[in-house]
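Trainee: I have a model open and some labels to check. Can we go through the reasoning behind them?

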Amino acid sequence: MERHVFDDGGAPRTQLRAAREGTVTPELARVAEREGLEPETVRAEVARGRMVVPANLHHGALDPMGIGLRARVKINANIGSSPTTSSLEDEVDKLALAQRWGADTVMDLSTGKRIAQTRGAILAAATVPIGTVPIYEALERVKRPEDLSIGLLLEVIEEQALQGVDYMTIHAGVLLEHLALCQHRTTGIVSRGGGLLARWMVHHERQNPLHEQFDAVLAICARHDVTISLGDGLRPGSIADASDAAQFAELDTLGDLVGRCWDADVQCMVEGPGHVPLHQLQENVERQQRVCREAPFYTLGPLVTDVAPGYDHITSAIGAAVVGWHGTSMLCYVTPKEHLGLPDAEDVKQGLIAYRIAAHAADLARGGAHGARAARWDRELSRARFDFDWNRQFDLAVDPDTARGMHDETLGDEYFKTAEFCSMCGPKYCPMHNFRDVDWGRLGDLAARRAREVGGAPTR
């Protein structure tokens, strides 16, 4: 597709600046098409900062998408190599798998060797926006975290922007004065970026360099139209630490940074927790929306309990559905390997399936046009189920292959694809089969007779 709008001098305008000037860019028009919205609605939402369209000038394979309150609830999948396992080829395969199973964006969190090469291969193949955390690559170029410098961080941000990265997590909200609030936490700081910056600040007895030089970060992002994802470096990493002073002190700083992004014509979204119990989820979303003036909220999970390692795609999908309902715009998936190791291809699939269910449930709860479309999908599958149209039911499922395989595992013959029962109940006990065999005409006569016996009128 034709990419971007340029000003009279030939310099690119960001999506935010173009929207504010009244222009519906090709990217905004494509988002409107994908969301079933009017182009002017998308333009207005982007102009006010309530929707972002991550679309780096240099990401040629991108099919633009939108993140915000008027869009469908979106899902991000994290992939990336580590110093101990995985390869470039593995990560490209994970990208393909993530796109196949419905990821709306993908973050490349690669560490170790060949970071730039891995990211280049991912960007070349990705039709979805790609995000990164630049401090990871910067750390690979120094011996110790204390050796990081703002010059190096800005250099890496510029290189990644030139390569085509659509959005970047920047932990500019972690301030030196916040660190004392973390000292007595159960799990301290669990963000990799937050932990690195905390170590650097205490060692150098200086403020967070990404905060001090945030204008320089914004200048790079504006040149290439990189969306900033304001990282939550002090997010709670356990239920015991949820909604504490450190988390909310950083959130207040992120609210200030949202305004600075908008002043620089740079799109931004705000990252959120982490680990939060069910009864605090709505409060967390509403507080973020208030403090950050409805900038899109992007949450990791959140996990609603800490007791299920190996099943944290489930504990987090529960929280994700609830925060999506209350106004979170994008959900970062959690895989079964969370807290345990680097996810493999099957973990990526399981995480994405769990989060597609969560996002769909959130769309249903939020209502509106997206809720109506979600409800139609549910209704269509339910009708196929009631009609015992097994193949249609499989086709409509979030994971058709798994649904078909589970059915065929016990009733594999093709005859059973039209049978009016499954192996759970069999033909005799199937309630829907028995419901279909009810003599409804006779039931009407029975109801009328019953009404006369009790002295009332028949109900309809």
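Mentor: Start with a helix pair. Leu281, Gln282 and Val285 in helix 12 meet Gly319, Val322, Val323 and His326 in helix 13. Keep in mind that this is a predicted model.

Trainee: How do the residues in the contact of helix 12 with helix 13 divide by class?

Mentor: The contact has 4 nonpolar, 3 polar and no charged residues. Gly counts as polar here.

Trainee: What makes helix 12 oblique to helix 13?

Mentor: The axes of helix 12 (residues 281-291) and helix 13 (residues 312-326) cross at roughly 45°. Roughly parallel needs an angle under 35 degrees, and roughly perpendicular needs 65 to 115. The crossing angle fits neither class, so helix 12 is oblique to helix 13. Their axes come within 9 Å.

Trainee: Is the crossing of helix 12 and helix 13 left-handed or right-handed?

Mentor: Right-handed.

Trainee: Now helix 4 and helix 14. Why is helix 4 called roughly parallel to helix 14?

Mentor: The axes of helix 4 (residues 88-100) and helix 14 (residues 345-366) come within 10 Å and cross at roughly 25°. The cut-off for roughly parallel is under 35 degrees. The angle of roughly 25° falls under it, so helix 4 is roughly parallel to helix 14. This crossing is right-handed.

Trainee: Which residues meet between helix 4 and helix 14?

Mentor: Lys94, Leu97 and Ala98 from helix 4 meet Ala345, Val348, Lys349 and Leu352 from helix 14. By class, that contact has 5 nonpolar, no polar and 2 charged residues. Lys counts as charged.

Trainee: What else does Leu352 touch?

Mentor: Leave aside neighbours within four places in sequence. Leu352 is then in contact with Ile75, Ala77, Leu97, Ala98, Trp101, Ala103 and Tyr333. Leu352 is also among the residues that touch the most other members of the largest nonpolar core, which has 97 residues. Others in that group include Val106, Ile170 and Phe214. Apart from this core lies another, of 13 residues, among them Ala19, Leu37, Val53 and Ala71.

Trainee: Last one. Why is Pro12 called partly exposed?

Mentor: Pro12 has 26% relative accessibility. Buried means under 20%, and exposed means over 50%. The value lies in between, so Pro12 counts as partly exposed.

Trainee: Where does Pro12 lie?

Mentor: In the segment before helix 1 (15-20). Pro12 and Ala222 are 210 residues apart in sequence, yet their C-alpha atoms are 8.9 Å apart in space.

Key: Residues are numbered from 1 along each chain as its sequence is written. This is a predicted model: local features need pLDDT of at least 70, side-chain atom pairs count only at pLDDT 80 or more; totals for chains, interfaces and linings use all residues. Side-chain values use heavy atoms; hydrogens and water are left out. A nonpolar core is a set of buried Ala, Val, Leu, Ile, Met, Phe, Trp, Tyr and Cys residues joined through side-chain atoms within 4.5 Å. Buried means under 20% relative accessible area, exposed over 50%, partly exposed in between (1.4 Å probe, protein chains only). Contact means heavy atoms within 4.5 Å. Axes are lines fitted to C-alpha atoms, for helices over the stretch in contact, and angles run from 0 to 180 degrees between N-to-C directions. Helices (H or I, at least four residues) and strands (E, at least two) are DSSP runs, numbered from the N terminus. A crossing is left-handed if the near helix is turned anticlockwise from the far one by less than a right angle, and right-handed if clockwise.
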